[in-house]
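This report describes selected sheets, helix pairs and one buried residue. The sequence and structure should be consulted alongside the text.

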Amino acid sequence: MSTAGFNSQNGTGTGQAYANGPSQNPVAMQQLPGVSYGMTHQPTYNPMQAKAPVPPGPGLYPSGPYQPVPPVNSYQPGPPLTSYPAPPGQSLLTRPQLGGPHSHTPPQSASPSPGPRLPHAQATPPPHAPSSSSHYPNPQQPQPIPPAWQYNTAPPPMGPASSMSTPPRGLVANHVNPAASSTAPPSSAAYSSTPAAHVSHSVSQPPGPGMPPTSLHGYIQPGTAPPPMTPMGPQTYQPSRAPYVPPPTGPPPTMKPTPPPTGLPMANARPPPPMADAQCGGDVNSTLPPTEPDCKEGDIECPGTVAGNGPQAPNHYNHVDNKMAGMPQHGPPGRHLGHYPSLPPGYQNTPAPHNATSPMHPAMQAATQPYTQSPHPYQQPPGGPGPAQLSPSLAAMSLQSSTPEALRVVNLLQERNLLPPTPIPAPTPCLPQDLQKINCNPEVFRSTLTSIPQTQSLLNKAKMPLGLLLHPFKDLSLPVVTSSTIVRCRSCRTYINPFVSFLDQRRWKCNLCHRVNDVPEEFMYNPVSRSYGEPHKRPEVQNATIEFIAPSEYMLRPPQPAVYLFVLDVSHNAVETGYLNVFCQSLLDNINVLPGDSRTKVGFITFDSTIHFYNLQEGLSQPQMLIVSDIEDIFLPTPDSLLVNLNECKELVQDLLKSLPNLFQKTMETQSALGSALQAAFKLLSPTGGRMTIFQTQLPNLGVGALQSREDPNLRASAKDIQHLSPATDFYKKLALDCSGQQVSVDLFLLSSQYCDLASLGCISRYSAGSVYYYPSYHHQHNPAQVECFQKDLKRYFSRKIGFEAVMRIRCTKGLSIHTFHGNFFVRSTDLLSLPNVNPDAGFAVQMSIEENLDDMQVVSFQAALLYTSSKGERRIRVHTLCLPVVNSLSDVFAGADVQAMSGLLACMAVDRSATASLSDARDAMTNAAIDSLTSYRQSVLTIQQPGMLAPACLRLFPLYILALLKQKAFRTGTSTRLDDRVFAMGQLKYQPLVYSMLMIHPALYRVDDLTDEGALNINERTIPQPRVLQLSVEKLSREAAFLMDAGTVMYLWIGRNCHPNFLTQVLGVPTYAAVPDNLYLLPELDTAESQRTRAFIGWLRDQRPFFPSMHVIRDESQLKPTFMQNMIEDRTESALSYYEFLLHLQQQISK
């Protein structure tokens, strides 16, 4: 089966793999015949790997042997993207007045030559992946060459790889890892694959001179050299499993599995030579801002004046460092008497955001209790051991000394009430207390395993996914450092952090690559305590999350201004929905809170079958509409007056917003030229970069990017594989890559009751680091709940903070490597995420592997650095560092499992698999993930074998979450689900931070008709009741009560038929059950204790997330009752097993 689905790097993977990393070494791939398990490196365990088909029982989830996934693939830029030349001619002013520059394609080369340019296609282009779409056409593309040897299978014939379908030629899919088609096996267990070379993000630089990279400006950056990349050797992983049998209970409906595609394994192309890019070695040019750097790629974050580039201690850390650690030098190092550095710029604490002080959702509150962002006394005497030398204390903390709560054996078939009454906190890593106090907030940085296995073989044995989940730009109150010296490791460019080791006052040892670095003179002074000689007490070494004001060395051009361009659908269908009135009024209300400064610019474009520009130049008495009807060759009629300074032209902007709704009120134009409008908007924003906001209400049906309906309503409830989850065209993806190259991000607001092909339209946001907002069945009269949701979302959207021209790099301790990314972005180089805009509501995930044994390490660290331009024009660097212990026993690995983080990462992987392989493959893989991890626990951790469905306490909810994913809108089958709804749900799972996506996976159910003040929170003179969380089963409901279900993006208030009259009158304001309105979405503000408690609780839940969940009051007769009941995860439906049946099914597979 195709493994492409779980190797996506840039959003949901579609088409061919867009290779963004080093390739497999074709020589290292070869192996002598007959060799199977005698390898040096272990293959990466991938719970989402496709398995051999087996005959399933009726209604079950088939699974089979695993295959490892090739982690990183070659970077293969495609041919030049299409540019949009501005033709000669004037605009056609066909409507009465209300009274461009040449286009730039995104740079694809980092050569010093001026102007955007693409490199030539590589000699060996990336191979095709089985998919419904492909990208970057290349007619001369040769067929892939398979590796020289196969494991346990006959050598396949040379020639084109066969697959289920031949993908059309087109744009290469924007992934780091390509799909590797499995060779057709002679039996169900005969699968093999050859993982590619991982990318180690913190390979230390050997001593001695290297070839320094050259920036675009021609200066040489000292102390830098590209690190060697060691490819992994070939290996195979083939556990076998017997076919399934039906569960012991009644026969659920049959769901036929999809046979895997067959074909040859793909040989990856060789990577192109390193590019001398001043930013990242990726697809940028000299006009772009600097990116979050890495010396190995010769980018701007390794400037010649960065601290630490002076004389350094010899980097013979294999023996010198150990001597230093064993024999600390006592006393301060020598320095000139009477010489103190000048007082550096002061430190400041940024004020908390407006909602930062509001109380948190129970899940978030619980997750952050063991952590803090405030400085703590981290006493580390000069010359004393740091975290890297904590072996005695950590060794004494082995989890095997006594059975912890996390490893308590639970029989899932007997203990039914496993859901705790309060939200589940993130597990606390087993670290010394002083380190744990300053560790990173789990809401920002969270690992699926809080204890990192010592070897890849140990990780494979555990059969649990290893990955990180990030929320890097989250609204936080954090220390901000203003200093001309940003201290970083000379070798791997890690920022100094609380987990480095100070060998003495003048030297510190990197916690990622272990290089010894000098402490700059300025860093010796602590401006907080106004003391000298205590660098270990500086804020940078006391806070796991910190933000720097970047000096000029971190930018190649002045920081860009805040630029906002709004592109509005004004066709007849759009006017009918009434969204234009809401948008214009909301922007009028919030125009003064748009993030920015005196340079902020705004512009507007409207479109139907033509494109309408608006001249807002200062001095005009009223806005001018300029209409371009030639949508096939779009151009800017007056390039200099379409984007205007907001402060200078605010009155004209306000006049336009007041007149827009009436201007198109009587339009009869039904066509939508969205593609041409996007091209025009791209031309307008290219010189500066900025944020493009699209409002669309129908399927684009005119000009470039036109789409046709692909949904068959009769197949919405099909139990077979779902089609058309991939884009129908590569137009929107190619345009998104153009936008990303010019620092333009695109946000899409889709308001429609009809199919709009979100799978295609969503690419414009996915690959440009934008967001998608979806309002199905939006209408200003018929759906007031959606209108309220739209208004609240717009208010948040207009006022939330924003980072421009951002990049993010994740580094990890030597021996670990990152091989797959999930989220909305473009992978500019092997490990650098391009984020033209970054917002505080965006989440990311990465998959990791263990490349080298971590035998000599007690802890490992991960560091995410986000370089961005604030709306005020400041270049800033936000750094998060996470420290986790290393363990060498399987029981310790299981004890550190974070079941919610594992579920979130598996959901991201399953979304990719659904798009590139099939939905049934994704469902099977998720089921197999639960089977395999619990099988490993039973076989390798349990000392006494017992009957029953056994799991450690830390994984007791894993089967429940997997079943919840199988029943989630993104992955469910047999239940009527609109295609756009499914695609949007998939995007939410990949894009939302974990704490929000978990509510979408497993909603929270509360009884709210008997709220009391017992155990309530008192916040801002408000009393917030805290009802217990209930299991998602109908047996927990009562006709005499009322229940609130919080499903993340939506809430349901279910009223029992015999609900107590007191609740009806005191909360809903109606005398009887029959009087409850059918479309009630707002609770009346009654002056009763019951009403205040209920509204306070619902308001408190809403305040804990960045989006506004709508609420629906449901009776037994309500149309939304089936939707409410579908979220009852533990109950059986016509197309899915109950939780108890699912446990029996898992037990059946585990006991084989």
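Over how many bridges do strand 33 and strand 34 pair? In this predicted model, strand 33 (residues 1042-1046) and strand 34 (residues 1050-1055) pair over five bridges, in the antiparallel sense.

## The four-stranded sheet and helix 22

Strand 33 and strand 34 belong to an open sheet of four strands, ordered 30-33-34-35, in which the pairing is mixed. Its edges are formed by strand 30 (1004-1007) and strand 35 (1110-1114), each of which pairs on one side only. From one strand to the next, the twist averages 20°. Within the antiparallel pair of strand 33 and strand 34, Leu1044 has Leu1053 of strand 34 as its bridge partner. Helix 22 packs on this sheet and touches strand 30, strand 33, strand 34 and strand 35; the direction of helix 22 makes about 5° with that of strand 33.

Helix 22 comprises 15 residues (1089-1103) and reaches 21 Å from its first C-alpha to its last, close to the 21 Å expected at 1.5 Å a residue. Its buried residues include Phe1097, Ile1098, Trp1100 and Leu1101, and also Ser1091, Thr1094 and Arg1102.

## The three-stranded sheet

A further open sheet has three strands in the order 8-9-10, with antiparallel pairing. Strand 8 (501-504) and strand 10 (516-518) are the edge strands, each pairing on one side only. The twist in this sheet averages 35° from one strand to the next.

Strand 9 (residues 507-509) is joined to strand 10 by three bridges, and these two strands run antiparallel. Lys509 stands opposite Val516, a residue of strand 10.

## Helix 16 against helix 20

Two packed helices are described by the angle between their axes and the distance between the axes. For helix 16 (residues 899-916) and helix 20 (residues 994-1001), the angle is about 80° and the axes are 10 Å apart. The two helices are therefore roughly perpendicular to each other.

From helix 16, the residues Gln900, Ala901, Ser903, Gly904 and Ala907 meet Leu994, Met998 and Ile1001 of helix 20. By class, this contact has five nonpolar residues, three polar residues and no charged residues.

## Helix 10 against helix 11

The axes of helix 10 (residues 674-685) and helix 11 (residues 731-741) cross at roughly 10° and come within 11 Å. This crossing makes helix 10 roughly parallel to helix 11. Leu674, Gly675, Leu678, Gln679 and Phe682 in helix 10 meet a set in helix 11 made up of Phe731, Tyr732, Leu735, Asp738 and Cys739. Seven residues of this contact are nonpolar, two are polar and one is charged.

Helix 11 is mostly covered, with 10 of its 11 residues buried. Among them are Lys733, Asp738 and Ser740, together with Phe731, Tyr732 and Leu737.

## From helix 11 to Val744

Helix 11 is followed by Gln743, which has a positive phi near 60°. Val744 is found in strand 20 (residues 744-752). Is Val744 buried or exposed? Val744 has a relative accessible area of 0%, and is therefore buried.

Not counting residues up to four places away in sequence, Val744 touches Leu685, Gly689, Gly690, Met692, Cys739, Ser768 and Pro836. One of these, Cys739, also takes part in the contact of helix 11 with helix 10. The C-alpha atoms of Val744 and Val563 are separated by 9.5 Å, although the two residues lie 181 residues apart along the chain.

Notes: Residues are numbered from 1 along each chain as its sequence is written. This is a predicted model: local features need pLDDT of at least 70, side-chain atom pairs count only at pLDDT 80 or more; totals for chains, interfaces and linings use all residues. Side-chain values use heavy atoms; hydrogens and water are left out. Two strands pair if DSSP finds at least two bridges between them. Axes are lines fitted to C-alpha atoms, for helices over the stretch in contact, and angles run from 0 to 180 degrees between N-to-C directions. The expected span of a helix is 1.5 Å times one less than its number of residues. Buried means under 20% relative accessible area, exposed over 50%, partly exposed in between (1.4 Å probe, protein chains only). Angles under 35 degrees count as roughly parallel, over 145 as roughly antiparallel, 65 to 115 as roughly perpendicular and the rest as oblique. Contact means heavy atoms within 4.5 Å. Ala, Val, Leu, Ile, Met, Phe, Trp, Tyr, Cys and Pro count as nonpolar, Asp, Glu, Lys and Arg as charged, and the others, Gly among them, as polar.
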